[in-house]
Amino acid sequence: MTEKKASLDIKSLARDLRAGSRAALARAITLVESRRGDHQALARELVQMLLPDTGKAFRVGITGSPGVGKSTTIDALGTYLIEQGHKVAVLAVDPSSARSGGSILGDKTRMARLSASDNAFIRPSPSSGTLGGVAAKTREAMLLCEAAGFGVVLVETVGIGQSETAVCDMTDFFLALMLPGGGDELQGIKKGLVELADMIAINKADGDNLKRANITAADYRGALHILSPRSEHWHPPVVTYSALAGTGIAELWQKVIDHRKAMNASGDFAARRRDQQVKWMWSMLEQRMLARLRSEASVRTKVRKIEAEVADGHLTPALAAEQILELLQ
């Protein structure tokens, strides 16, 4: 009886979410982020139920070092998009407190204009120690936002030195924000990050910074010539803009549209989405395997014994890993 009631609740939640209820969307994301086994099962059912309603949105990942103006940029870009008739969802991933696991930065407070709009949905989520700069359940949250009718989903990554590559495996367009006057940064050019970027945007191109921003943009354009682009059908542009002044925002978004058109025309867009689905499957499998190791009492006891043998130097880590793998069979 309880199981049937839960199933009906999920159907009701899915119906409200499809109707565009932001409260239902918030509840659904909370369900997806829950670590309880029964909640995870219901979340999988919900996402599967909503899958036909997903896939049409612009998925844009935005990264950059702290202080580059990610939240200010999203506030300006999101406000512009809403003025153009879009509904915008923002999944802002905060670094987590080591003590409580909660968000540290509180991005929502730094998107004042956007958070006041009925056509915007902002969800700050703690990264909870997840590498890749995105929260563990960002993929599912993104699909839920699409099912709720949001045509643009912006994913703001942590940007604090962790590997940011995970965002590329779930978004269509990867935007790297940089500051004027890269200087020594350009020597290393953050090669791994820049190679993944679909566009580099130099923020704070206003006032006394304008000349410096243009010089930095020219330096990045020169550096990009020696790097191989992700797709032969798109060569990453370098643009300048000011999130504070609101200049260059329209041109920045136009590049995102141009990218979608180029990728669709070449077939790369569909291929990238297919690759993302497969990578997501493997990521979920890894999470489920680790969860099983931690949740099943009999397995957990054996794992602790193996851990102790490794710690005491009686067993090599390689052989220990093999033994743990056998426990899952």
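This passage describes the helix packing, the aromatic contacts and a few individual residues of a predicted model.

In overall terms, the protein contains 13 helices and seven strands. Of its 329 residues, 44% are buried. Contacts across long stretches of sequence are well represented: among contacts with a separation of 6 or more, 75% are between residues 24 or more positions apart.

Two helix pairs are a good place to begin. Helix H4 (residues 70–83) packs with helix H10 (residues 249–266) at an angle of about 75°, and their axes are 10 Å apart. Since angles of 65 to 115 degrees count as roughly perpendicular, H4 and H10 are therefore described as roughly perpendicular to each other. On the H4 side, the contact is made by Ala76, Leu77, Tyr80 and Leu81, and these meet Ile249, Ala250, Leu252 and Trp253 of H10. By class, the contact of H4 with H10 comprises eight nonpolar residues, with no polar and no charged ones.

The second pair has another geometry to offer. Helix H6 (residues 138–147) and helix H11 (residues 268–295) pack at an angle of about 130°, with 11 Å between their axes. That angle makes H6 oblique to H11. Here Arg139, Glu140 and Leu143 of H6 are in contact with Trp280, Ser283 and Met284 of H11. The classes represented in the contact of H6 with H11 are three nonpolar, one polar and two charged residues.

Glu140 deserves a closer look. This residue of helix H6 has a relative accessible area of 7%, so Glu140 is buried. Apart from neighbours within four places in sequence, Glu140 is in contact with Val32, Val47, Trp280 and Met284. Val32 also enters the picture through Arg44: the two residues are twelve apart in sequence, and their C-alpha atoms are 7.8 Å apart in space. Arg44 itself is placed in helix H3 (residues 37–50). With a relative accessible area of 37%, Arg44 is partly exposed.

Turning to the aromatic side chains, a search of the whole structure finds two aromatic pairs. One of them joins Phe121 and Phe150, whose ring centres are 6.2 Å apart and whose planes make an angle of 45°, a tilted arrangement. The partners come from distant parts of the chain, 29 residues apart: Phe121 belongs to strand E3 (residues 120–126), and Phe150 to the loop between H6 and strand E4 (152–156). Is each ring-bearing residue buried or exposed? Phe121 has a relative accessibility of 8% and therefore counts as buried. Phe150, at a relative accessible area of 2%, is buried as well.

Phe150 has a charged companion too. Lys87 lies over the face of Phe150, at 4.5 Å from the ring centre. A similar kind of placement involves Phe58, with Arg260 lying over the face of that ring at 4.2 Å from its centre.

Finally, the backbone of Lys204 is worth a mention. Phi of Lys204 is near 65°, which is a positive value in a residue other than glycine. Lys204 is located in the loop between strand E6 (199–202) and helix H9 (210–224). Its relative accessible area of 32% makes Lys204 partly exposed.

Note on methods. Residues numbered from 1 in each chain as written. Predicted model: local features only at pLDDT ≥ 70, side-chain atom pairs only at ≥ 80, totals over all residues. Heavy atoms only, no water. Axes fitted to C-alpha atoms, helices over the stretch in contact; angles between N-to-C directions. Helix = DSSP H or I, 4+ residues; strand = E, 2+ residues; numbered from the N terminus. Parallel < 35°, antiparallel > 145°, perpendicular 65-115°, else oblique. Contact = heavy atoms within 4.5 Å. Nonpolar A, V, L, I, M, F, W, Y, C, P; charged D, E, K, R; others polar. Phe/Tyr/Trp six-rings, centres within 6.5 Å; stacked < 30°, edge-to-face > 60°. Buried < 20%, exposed > 50% of the residue type's maximum accessible area, 1.4 Å probe, protein only. Lys NZ or Arg CZ within 6 Å of the ring centre and 35° of its normal.
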